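Trainee: Could you take me closely through one part of this model? I would like the helix contact first, then the strands, then a few single residues.

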Amino acid sequence: MKEYFNIRYEFDRGEVHRMIDERLGQPGSDYICVADGVILEHANTDKAYNRVVNGGMFSICDSSYVPLYLQRIYGVRYDQYCGAQIFKDIVSGCRHRMIFLGAQQAVLDSLQSNLAKMNPEVASMQFVELPFCGVEEFDYPGIARMIEADGADIVWVALGAPKQEIFMSKLKPHLGRGVMIAVGAAFKFYSDISEARAPEWMVRSHLEFVYRIGQEPKKQIRRCWRIVTVLPRILRQERKRARSGGR
């Protein structure tokens, strides 16, 4: 595990899954953040949110640009591990009981149907639409009781950043076991009634953000603008840290 840009990352996919299995064998719950550009920006402009992001097990790197920055600054090579991929890896692995929280019920129903083709056991798992409310207004004890009654090992959360990370941090004290993972748009990507992920050639070319802008221009342009405005400062700070020998 390494800390870069004030976020504790785990880049090794094998280690990610080993640590999930290890945590599931212990009492208490925990969570994993899937750190894209939005989380990178918020974690470096909001100290309270930074504590939330780093208060879980670790973050995986959803951004395709962070590995490029780190190669340039430190000369190290890391790979992106995006939310859509860890979602597919765990669901298709058929090793854990899961519960899926967030999104509208129509999206959840389509998601369940599609995932059941990947893992037939998903057909008997719960897909729960959460109420549309502020992050402070959820019934966290009630949600925890529902999860524990279900017996889920993995709790998938799709509320969008930064809301979903705060949600997990507030739910954590109420859960007796399990690992929560916030996957943002992955629910939409694997359903048939919402936006799909960008074509593979755009993903490989680091142009997925262009596709997302085309899908949701108002929302994504605002997000990209916020990232671009803070990125120079974040890069300067990391370069300074690299020169001082820190990682």
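Mentor: Start with the crossing of α5 and α6, which is right-handed. Keep in mind throughout that this is a predicted model. Helix α5 covers residues 83–93, and helix α6 covers residues 105–118. Their axes lie 8 Å apart, and the packing angle is about 60°. Angles from 65 to 115 degrees would count as roughly perpendicular, and those under 35 as roughly parallel. The pair α5 and α6 is therefore oblique. Now the side of α5 in this contact: Phe87, Lys88, Val91 and Ser92. From α6, the residues that meet them are Leu111, Leu115 and Met118. By class, the contact of α5 with α6 has five nonpolar residues, one polar and one charged.

Next, the strands. Look at β7, residues 154–158. This strand is mostly covered, with five of its five residues buried. Its side chains go two ways. Ile154, Trp156 and Ala158 point one way from β7. Val155 and Val157 point the other way. Both sets are buried.

Strand β7 has partners to trace. One is β5, residues 98–102, which is joined to β7 by five bridges. β5 and β7 run parallel. To find the register, place Leu101 opposite Val157 of β7. Another partner is β8, residues 177–182. Four bridges join β7 and β8, and these strands also run parallel. Here Ile154 has Val179 of β8 as its bridge partner.

Val179 also leads to a single residue, Arg23, which touches it. Arg23 sits in helix α1, residues 13–24. Is Arg23 buried or exposed? Its relative accessible area is 15%, and the cut-off for buried is under 20%. So Arg23 is buried, charged side chain and all. Beyond residues up to four places away in sequence, Arg23 also touches Gly28, Ser29, Asp30 and Met57.

Finish with Phe58. Phe58 belongs to strand β4, residues 58–61. Its relative accessibility is 1%, so Phe58 counts as buried. What surrounds Phe58, leaving aside neighbours within four places in sequence? The contacts are Met1, Arg8, Glu10, Val16, Met19, Tyr31, Ile32 and Cys33. Take Cys33 from that list. Phe58 and Cys33 are 25 residues apart in sequence. In space, their C-alpha atoms are 6.6 Å apart.

Notes:
Residues numbered from 1 in each chain as written. Predicted model: local features only at pLDDT ≥ 70, side-chain atom pairs only at ≥ 80, totals over all residues. Heavy atoms only, no water. Axes fitted to C-alpha atoms, helices over the stretch in contact; angles between N-to-C directions. Helix = DSSP H or I, 4+ residues; strand = E, 2+ residues; numbered from the N terminus. Parallel < 35°, antiparallel > 145°, perpendicular 65-115°, else oblique. Left-handed = near helix turned anticlockwise from the far one by under 90°. Contact = heavy atoms within 4.5 Å. Buried < 20%, exposed > 50% of the residue type's maximum accessible area, 1.4 Å probe, protein only. Pairing = 2+ DSSP bridges.
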